[in-house]
Amino acid sequence: MTSRSDRSPEQAAVSRSARRRASRRRPTRLVVGLALIVVAVLVGAGVVVARQRGGGTGSDTLPSSAVGDRVDTRGGTLSALALGPVPSWDPQRIASRADMAFAGRVFARTLTAYAPSTDPQQQSRLVGDLATDTGTASEDLKTWSFTLREGLRWQDGSELTCADVAYGISRTFATDEVTGGPTDALAVLAIPREADGSSTYTGPYGSGEKAKAAQAVFDKAVTCDDRQITFTLSTPVGDFAEMLSQPAFGPVKKSADRRADGTYDVFSSGPYMLRGAWEPGRGGLFVRNPHWDAASDPVRKAYPDQIRYQEGLDAEAIAQQVSADNAAGRAAVALASVPPAIQQQVTAVQSLGDRSVNPLTGVVDYLVPNVKSPVFADEKVRLALAAATNRDAYVTAIGGATAAQPSLSLLPSALPSAHDDDPVGAGVRGDAARAKALLAEAKVEGPVEFTLAYRSDPTADKAVAALVAGWRQAGFAPTVEPITEDYFSTIVQKSAAEDYDVFWSNWAPAWPSGSTVLPPLFDSTINITDAGPGRDYGYFSDERLDEQMAKTSTVADRTARERGWADVDRRLLQQGAYIGLAERRALYIAGSDVRNLSANTVLGGVVELADIAVVP
């Protein structure tokens, strides 16, 4: 995918990594090299029959935590190997979920955070981080207050204050200098807008009377009283405390702010700080922050003395280095997933499988029927296509059970709103008879011709071919239109609704709530305009559902709110607004000196760095 300005940071992050993977050509010698390593380990371990960790595709068969004894050993240097490139370490400019997760566990603390755990259900537990708890909201959910912990320090020993948090958030509004990160603060804080929709406040860098007046407005929306920070919102937001877990809402010390020039500056409030300068394309060394107090941090154990982040490595090269378990790989962990083409070779060998984790990532592939198309204007025809869709075949084509699991819903498994409902009743393998029956109810005779647009690469081409086979059996006659460049920039155009009948897409939540999935994709009031569909590529619009989404956003109780999002999703599925395909998995491997290896599914299925350890 290509990054687009009208898309959220979490999708932009998925886009960048997906585009990098699609653009790379896997060197055959690396694949062969890893295969030879696997064979050598297999023979050395005396394994005769290949071992597969789990025969199904359910999340219960492929663990998100590696086996082995946990330790609380401090010391050693952990090598974190990544594809990169990291676009920025500026808290207000970090967009990638993987970069957010690394920064948030290493140097960038936030008011709230998600607790580390090997139990996916516990990973969605929000706790106070810089704040003593997850905040107090007014009855109308438009005012939120948090109290900072005592003893918070920056890496230079100075006190981390409420003013630092407010200043960090204010930088998000300086969209001419601080670019690329989430802009949720602009959307929710009670700050007036100009006629064109832009904020009247443009950040803390302005001068003159107008800038002073605008700063005063911000200072009313974000107020400090000693250690208490209070936010006034323009609209009720039930999951505002979860929104605050993003680095974009984190503190920045004003005297350390180099504005547009501080792309890779790291001024730490966490357990590690950057030694020297970050080297784009190569990485940097994070060492202990002497002023971090473990007693003030309920989230991070910070076991290693140092974390050496190395970027610019190909995924196969990372897998080869860590699998070899030599001097360079024994204390290393791959932050890049093992490529699907060689995942089975890793999981088939016990000694490699035991030091790997295979989590769900929250990235869900899905299809969007175009309701403006004469073909899919009828709800029953959309449901027929859903019934004919073979998700199992799609998963097999993209790499099998270690690469993804079939999904009927856009709500990832780690979300509290996730559910297993199947309104169409066709299951994950598709049901041609059910699809034909729905077409008959719609009084549509086959073959039903339609055109599918999708982002093309060799793996996607195979996956779409698998879908086409099932659709043809059910009475559809699809034509596929592979797009290799600027895919999302193409389908967001108003003209795309005239050219295509179905769109492929994918999405991932910004934090574990249905609010970051369903409204961004299907609330017509925030998507569909005269200029185009926004992210609602199929122009789906239901006034009652829009109202239900607005109402659900204002529910104070998290359990009830997420149950509400599940209800919204069921209604979308019942109307054929979209067709879920698969939730992606990652496969991470670590060296034999690494302990406590696990993945955090609510942070995007990334390696959990909060309590990882190295045997010195």
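This is a chat about a predicted model, covering its disulfide, two sheets, one helix and one loop residue.

Visitor: Hi! What should I know about the model before we start?
Guide: It is a predicted model, where local features need pLDDT of at least 70, side-chain atom pairs count only at pLDDT 80 or more, and totals for chains, interfaces and linings use all residues. Residues are numbered from 1 along each chain as its sequence is written, and side-chain values use heavy atoms, with hydrogens and water left out.

Visitor: Thanks. How many disulfides does a search of the whole structure find?
Guide: The search finds 1 disulfide, meaning a pair of cysteine sulfur atoms within 2.5 Å. Cys-162 and Cys-224 are the partners, with an S to S distance of 2.0 Å.

Visitor: Where in the chain do Cys-162 and Cys-224 sit?
Guide: They link distant parts of the chain, 62 residues apart: Cys-162 is in helix 5 (residues 162-171) and Cys-224 is in strand 6 (residues 222-225). Helices (H or I, at least four residues) and strands (E, at least two) are DSSP runs, numbered from the N terminus.

Visitor: Is Cys-162 buried or exposed?
Guide: Cys-162 is buried, at a relative accessible area of 3%, while Cys-224 is partly exposed at 39%. Buried means under 20% relative accessible area, exposed over 50%, and partly exposed in between, using a 1.4 Å probe and protein chains only.

Visitor: Which hand does the disulfide have?
Guide: The torsion about the S-S bond of Cys-162 and Cys-224 is about -90°, so the disulfide is left-handed.

Visitor: New topic: sheets. What is the strand order in the sheet of 5 strands?
Guide: That open sheet runs 8-9-10-1-11, with mixed pairing. Two strands pair if DSSP finds at least two bridges between them. Strand 8 (272-279) and strand 11 (332-334) are the edge strands, each pairing on one side only.

Visitor: What does strand 1 do in there?
Guide: Strand 1 (residues 77-81) is mostly covered, with 4 of its 5 residues buried. Strand 1 pairs with strand 10 in the parallel sense over 5 bridges, and Leu-78 has Ile-307 as its bridge partner in strand 10. Strand 1 also runs parallel to strand 11, joined by 3 bridges, with Ser-79 opposite Ala-332.

Visitor: And which way do strand 9 and strand 10 run?
Guide: Strand 9 (residues 283-288) and strand 10 (residues 306-310) run antiparallel, joined by 5 bridges. Gly-283 has Gln-310 as its bridge partner in strand 10.

Visitor: Which strands does helix 3 lie across?
Guide: Helix 3 (residues 97-106) lies across strand 8, strand 9 and strand 10, at about 160° to strand 10. For such angles, axes are lines fitted to C-alpha atoms, for helices over the stretch in contact, and angles run from 0 to 180 degrees between N-to-C directions. Contact means heavy atoms within 4.5 Å.

Visitor: What about the sheet of 6 strands, what order does it have?
Guide: It is an open sheet in the order 14-18-13-17-15-16, with mixed pairing. The edge strands, each pairing on one side only, are strand 14 (404-406) and strand 16. The twist averages 25° from one strand to the next.

Visitor: How many bridges join strand 13 to strand 18?
Guide: There are 5 bridges between strand 13 (residues 360-369) and strand 18 (residues 579-585), which run antiparallel. Val-364 stands opposite Glu-583 in strand 18.

Visitor: Can we look at helix 14? Which of its residues are buried?
Guide: In helix 14 (residues 432-441), Ala-435, Leu-438 and Leu-439 are buried. They cover an arc of only 100° around the axis, which puts them on the same side of helix 14; the arc is that of the directions from the helix axis to the C-beta atoms.

Visitor: What covers those buried residues?
Guide: The cover includes helix 12 (379-387), strand 15 (448-455) and strand 16 (476-483). The face turned away from the buried side carries the exposed residues Ala-433 and Ala-440.

Visitor: Last one: where is Ser-199?
Guide: Ser-199 is in the loop between helix 6 (184-188) and helix 7 (209-221). Ser-199 is buried, with a relative accessible area of 13%. Not counting residues up to four places away in sequence, Ser-199 touches Phe-173, Ile-191, Pro-192, Arg-193 and Glu-194.
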